[in-house]
Amino acid sequence: MTTQQLLTLILLGLLAQVAVFAVIGLRRHRKTYRLLETRLGNPEAPPACSAPETGHAVPETATTAVSGAGWEGYRKFRVQRRVIEDQAQSICSFYLVPVDGEVLPTFKPGQFLTFQVPVTGAGGNIVRCYSLSNRPGADYYRVSIKRALPPAGVPGALPGVSSNHFHDHVRQGDLLMVKAPAGHFYLEPGNEPVVLVAGGIGITPMLSMLGASLRDNPTREVWLFYGVRNSTEQIMKAQLEELVRTYPNFHLQVCYSKPAANDIRGVDYQHEGHVNVNLLRLALPLNPYHFYICGPRAMMETLVPAMEQWGIPPQRIHYEAFGPASLPHAAKRSQPAPATDAGTGVMVTFEKSGKQFKWDGSASYLLDFAEEHYIPVTSGCRAGGCGSCQTSIVAGEVEYLQVPDFDPALGTCLLCVAIPKTDLTLSA
């Protein structure tokens, strides 16, 4: 055998080994990808909840052509299936596919959908927004909706109209009118480690963020702090635990505020109590994290300011408090209320209601201000995305603390993301 023949055989052997390792790597990648698909939203994975498969009609609403960035107006979707997600049967996921069969535009993990809901007895359609709970890139959208019960200890309080309508009346095969994904609360791409903090149903946008991160950047360090009362309210428990076993860079920290008798610490949950800044300080290594937080107002009002006091830069704290109008952003909290002159607050007049109040800056936005003074105002997303709270400006000016996704008509404003800039008269 000549030297040239020997070198040729060695080269062929090396190429064969490279090919074998490439096939093994591809199979591992496909296996991991299929696992992620199954655990965070594969249509074949979870069983459908028992419900009659009937189709209910919805009003025809004009829409325009679908584009890669979304669509204008409302688009008709069919409920492909619905899945009960928790032991208490209080959270149901709805899997939605477009009736027109067109490819679904992608979205940013953490964004929401806006629904036109035909609720009987509500005087027509109402508008509500729900976070997408699946990762981008699937051939369906998924929202996971918690049934809102009447607040405890409030005589005469009513249950949530929209959430109860979804649970009680929306079935597999039904048609829904849906606006394109929107919202400013979403996971930013990158390699920096992230901490996801969820309270209760605030887990829904975190599931989307988690799925996107593990798929697109599986080596990125991700922590999920998830607080619920006990195991009866925890959703996708088995799926999250399997992701922990699959991805060593994913760290799950579950907190039960009121563990059930059969809940085992160290097995079902890691911490007893609520998610708070002390827990974050003890559990997290010293790394430059980006924090994404979503939960009820009580959690947000204590956690977000405490994190700022801890020294987390405001630009690294991203949050949504069941509608961002529920909590002023750091920039808002640090600003004094606008004033027409020294010592005198801006006056806000509600023309139709015949009421006038001084703006003192305690309300997050004009929508909260109106509700605090019992001014009837229609609202939906509370995030500048749906346009439900669009109100005519009779006199004065407003300013937006965040750019709304919905483009209000000339001479109007979106109360959910606006504050008064001068003395203001609104048509409400």
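**Exercise 1. State how much surface the protein chain exposes and which atoms supply 55% of it.**

Solution. The exposed area of the protein chain is about 20900 Å², and carbon and sulfur atoms supply 55% of it. Accessible areas come from the Shrake-Rupley method with a 1.4 Å probe, and for residues only the protein chains shown count as cover. The model is a predicted one: local features need pLDDT of at least 70, side-chain atom pairs count only at pLDDT 80 or more, and totals for chains, interfaces and linings use all residues. Residues are numbered from 1 along each chain as its sequence is written, and side-chain values use heavy atoms, with hydrogens and water left out.

Next comes burial. Of the 428 residues, 48% count as buried (under 20% relative accessible area; exposed is over 50%, partly exposed in between; 1.4 Å probe, protein chains only).

Then contacts, meaning heavy atoms within 4.5 Å. Among contacts with a separation of 6 or more, 65% join residues 24 or more positions apart.

**Exercise 2. Describe the sheet that contains strand 4 and strand 5, with its order and edges.**

Solution. Start with the elements: the chain has 8 helices and 20 strands. These are DSSP runs, numbered from the N terminus: helices are H or I of at least four residues, strands E of at least two. Two strands pair if DSSP finds at least two bridges between them.

The order in this open sheet of 6 strands is 4-3-6-1-2-5, with antiparallel pairing. Strand 4 (124–131) and strand 5 (141–146) are at the edges; each has a single partner strand, so one side of each lacks a neighbour in the sheet. From one strand to the next, the twist averages 40°. Axes are lines fitted to C-alpha atoms, for helices over the stretch in contact, and angles run from 0 to 180 degrees between N-to-C directions.

At one edge, strand 2 (residues 91–98) pairs with strand 5 over 6 bridges in the antiparallel sense. Within this pair, Cys92 stands opposite Ile145 of strand 5. Helix 2 (residues 161–169) packs on the sheet, and its direction makes about 80° with that of strand 3 (112–119).

**Exercise 3. Describe the sheet ordered 10-9-8-7-11-12 and the helices on it.**

Solution. The pairing in this open sheet of 6 strands is parallel. Strand 10 (271–272) and strand 12 (317–320) are the edge strands, each pairing on one side only. Strand 7 (residues 194–199) pairs with strand 11 (residues 290–294) in the parallel sense over 5 bridges. There, Val197 has Ile293 as its bridge partner in strand 11.

Helix 4 packs on the sheet, touching strand 8 and strand 9 (250–256), at about 145° to strand 9. Helix 6 (residues 297–310) lies across strand 7, strand 11 and strand 12, running at about 165° to strand 11.

**Exercise 4. Is Ser208 buried or exposed, and which residues does Ser208 contact?**

Solution. Ser208 belongs to helix 3 (residues 203–216). Its relative accessible area is 0%, so Ser208 is buried. Beyond its neighbours within four places in sequence, Ser208 contacts Phe107, Pro109, Gly110, Leu132, Ser133, Asn134, Arg135 and Pro136.

**Exercise 5. Locate Met236 and Tyr374, and state phi and burial for each.**

Solution. Most residues other than glycine have a negative phi. Met236 has a positive phi near 50°. Met236 lies in the loop between strand 8 (222–228) and helix 4 (237–246). With a relative accessible area of 5%, Met236 is buried.

Tyr374 also has a positive phi, near 60°. Its place is the loop between helix 8 (366–372) and strand 16 (390–395). Tyr374 is exposed, at a relative accessible area of 70%.
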